[in-house]
Amino acid sequence: MAKAAESSGDPGTTSPRPLMRDLKAVGKKFMHVLYPRKSNTLLRDWDLWGPLILCVTLALMLQRSSIDSEKDGGPQFAEVFVIVWFGAVTITLNSKLLGGNISFFQSLCVLGYCILPLTVAMLVCRLVLLAEPGPINFMVRLFVVVVMFAWSIVASTAFLADSQPPNRKALAIYPVFLFYFVISWMILTFTPQ
Amino acid sequence: MAAADELAFHEFEEASNLLAETSDAATASGSDQLTPQGHVAVVVDSGGSYGAEEEAEESDRTALLQEEKQQPGFWTFGYYQSFFDVDTSQVLDRIRGSLLPRPGHNFVRHHLRNRPDLYGPFWICATLAFVLAITGNLTLVLAQRRDPSIHYSPQFHKVTVAGVTIYCYVWLVPLALWGFLRWRKGVRERMGPYTFLETVCVYGYSLFVFIPTVVLWLIPVPWLQWLFGALALALSAATLVFTLWPVVREDTRLVAAVLLSAVVLLHALLAVGCKFYFFRPLPLEHLAPPLQAASLPPKLLLSPTPRARAT
């Protein structure tokens with residue numbers, strides 16, 4: 001990563017501490033996901049901190065106090081984690097096997113960062129669920145999740161589509177669609193107990 | 001034995017598609033020689049009796065095609081990349097071929113053309129597993145809307161069950177089938193059995209028809225659900241049977257009949273098992289608070305919050 005050991009410079013300078021620099025880099029990538037343009041920032045300086053933060057946040061928010069038995073409940077923390085990381089690894093492997101020229105960690109980075117819209121959707125859903133239940137409640141949540149799902153797909157496609165040969169783009173994009181669809185489903189069916 | 005003109009048409013189609021694929025092959029009218037395959041002669045014009053010569057030519061051609069691709073070692077990335085060497089149009093064509101099985105149309109020879117891929121089976125199984133779990137969950141939601149005493153829960157463990165079942169089916173049953181066919185290979189010298197990956201490929205693509213069927217199972221009309229299930233099972237099993245028939249018909253009638261009925265039976269078991277496991281409402285003993293649920297307001301829809309419960 002580009003931010004490796006930079007504090008071994010001149011002791012007299014006031015360079016920003018590594019943590020702040022890393023946080024700024026992560027924040028910058030969040031902005032790139034929220035306003036996807038054809039830029040290389042996500043690909044060039046990949047890091048996995050952002051995806052980790054997002055995944056942990058999502059998994060924590062999807063927890064429910066388990067009044068239900070373990071079998072019947074929603075996804076546990078470990079299940080969300082496994083789905084996100086295992087899913088991202090599988091999509092990356094699939095993309096590489098189809099002949100894409102993106103590196104393994106770059107692809108993981110993009111897929112992880114593009115969960116940001118869905119994490120925002122999860123936050124909104126949790127807030128909306130504090131209100132009165134009913135069909136309007138459900139419609140609002142459905143609308144938010146659908147919009148954020150579309151946003152995630154558009155963002156990840158903007159970054160990933162160019163790395164595939166043109167006659168296989170659909171084959172590489174479909175698993176991304178399935179991945180975000182499953183995460184959206186987990187968010188939509190979340191019911192706090 | 002099929003009519004001679006049907007065989008002629010089939011040969012022409014096969015030959016022209018084969019020629020289209022191998023771009024450095026010479027094309028001419030009359031009998032052609034495919035330069036990469038050397039001494040295999042493709043008879044393009046009609047006439048003559050096909051019968052045994054066609055089968056021998058086909059097996060020659062496919063054997064040569066298989067030798068052509070030199071396989072890197074299985075520890076290299078390139079080995080696995082050779083199984084993902086498909087385009088979007090090819091995958092769509094294979095899916096279409098599995099949806100519309102025709103009696104003379106062997107899926108492996110006509111659609112796979114001895115280049116099996118793992119992309120189709122893997123992602124079709126993944127999609128089917130998720131669709132099963134999601135529509136099973138949706139059925140529960142819809143059932144709860146009609147009958148608020150049913151307790152809704154996301155039942156996330158069903159995703160795991162669905163995934164494991166389907167992947168095991170698509171890997172273990174072809175393994176058994178392939179092993180059995182290889183064991184019987186000594187009895188027939190005419191046509192070699194399919195490779196393991198071709199068998200997996202056929203099974204994987206044949207499961208595609210269940211994806212729209214499972215979505216249609218949301219309609220809560222029982223006889224319609226059984227109708228759709230039977231239709232999907234018929235299409236899917238037909239693909240398998242038409243693919244296996246040329247390999248199996250050389251064998252004794254008993255073995256052929258037993259094998260084909262075992263294949264169809266296993267497929268039916270999978271379909272029926274999925275229907276019963278994923279699409280039944282919860283039995284009443286499993287409800288968490290059945291007595292309190294009776295006092296819920298009738299307009300309760302998807303999210304029973306604690307506030308509504310604690311009246």
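Among contacts in chain A between residues at least 6 apart in sequence, what percentage join residues at least 24 apart? In this predicted model, the figure comes to 74%. Chain B can be put through a similar count: of its contacts with a separation of 6 or more, 71% are between residues 24 or more positions apart.

Next, the overall make-up of the two chains. Chain A is built from 8 helices and 0 strands, so reading from the N terminus simply gives α-α-α-α-α-α-α-α. Of its 193 residues, 49% are buried. Chain B has 13 helices and 2 strands, and 48% of its 311 residues are buried.

For chain A, the UniProt record (an unreviewed entry) lists "transmembrane region" at residues 48–65, 77–98, 104–131, 138–160 and 172–191. Two of these spans can be checked against the model. Residues 138–160 of chain A turn out to be 100% helix and 0% strand, with end C-alpha atoms 32 Å apart. Residues 104–131 of chain A are 82% helix and 0% strand, and here the end C-alpha atoms lie 42 Å apart.

Helix α3 of chain A makes a handy worked example. This helix covers residues 49–61, which is 13 residues, and at 1.5 Å a residue it should span 18 Å. The distance between its end C-alpha atoms is 18 Å, so the model agrees with the expected value. Which residues of α3(A) are buried? They are A:Gly50, A:Pro51, A:Leu54, A:Cys55, A:Leu58, A:Ala59 and A:Met61. These buried residues sit on the same side of α3(A), because they cover an arc of only 165° around the axis. As for their partners, the buried residues of α3(A) pack against five helices of chain A, namely α1 (18–34), α4 (77–97), α5 (104–113), α6 (116–128) and α8 (169–188).

One of those partners, helix α1 of chain A, contains A:Leu34. Is A:Leu34 buried or partly exposed? Its relative accessibility is 21%, so A:Leu34 counts as partly exposed, the cut-off for buried being under 20%. Leaving aside residues up to four places away in sequence, A:Leu34 touches A:Leu116 and A:Trp151. A:Leu34 also shows how the chain brings distant positions together: A:Leu34 and A:Ser152 are 118 residues apart in sequence, yet their C-alpha atoms are 8.8 Å apart in space.

Now for the nonpolar cores. The largest one has 60 residues, and those with the most contacts inside it are B:Tyr119, B:Leu132, B:Leu207 and B:Phe210. Take B:Leu207: setting aside residues up to four places away in sequence, this residue touches B:Ile124, B:Cys125, B:Leu128, B:Ile166, B:Val170, B:Ser236, B:His267 and B:Leu270. There is also a second, separate core of 48 residues, which includes A:Cys55, A:Val84, A:Cys125 and A:Val176.

Finally, the cysteines. How many disulfides does the structure hold over all chains? The count is 0. A:Cys109, for instance, is in no disulfide, and the nearest cysteine sulfur, belonging to A:Cys114, is 8.8 Å away. The cut-off is a pair of sulfur atoms within 2.5 Å. A:Cys109 has a relative accessible area of 0%, so this residue is buried. In chain B, B:Cys125 is likewise in no disulfide, and the nearest cysteine sulfur, that of B:Cys168, is 11 Å away. B:Cys125 is buried too, with a relative accessible area of 1%.

Key
Residues numbered from 1 in each chain as written. Chains lettered and ligands numbered in written order. Predicted model: local features only at pLDDT ≥ 70, side-chain atom pairs only at ≥ 80, totals over all residues. Heavy atoms only, no water. UniProt positions renumbered as here; feature names shortened; annotations may be inferred. Helix = DSSP H or I, 4+ residues; strand = E, 2+ residues; numbered from the N terminus. Expected span 1.5 Å × (residues − 1). Buried < 20%, exposed > 50% of the residue type's maximum accessible area, 1.4 Å probe, protein only. Arc of directions from axis to C-beta. Contact = heavy atoms within 4.5 Å. Core = buried A, V, L, I, M, F, W, Y, C linked by side-chain atoms within 4.5 Å.
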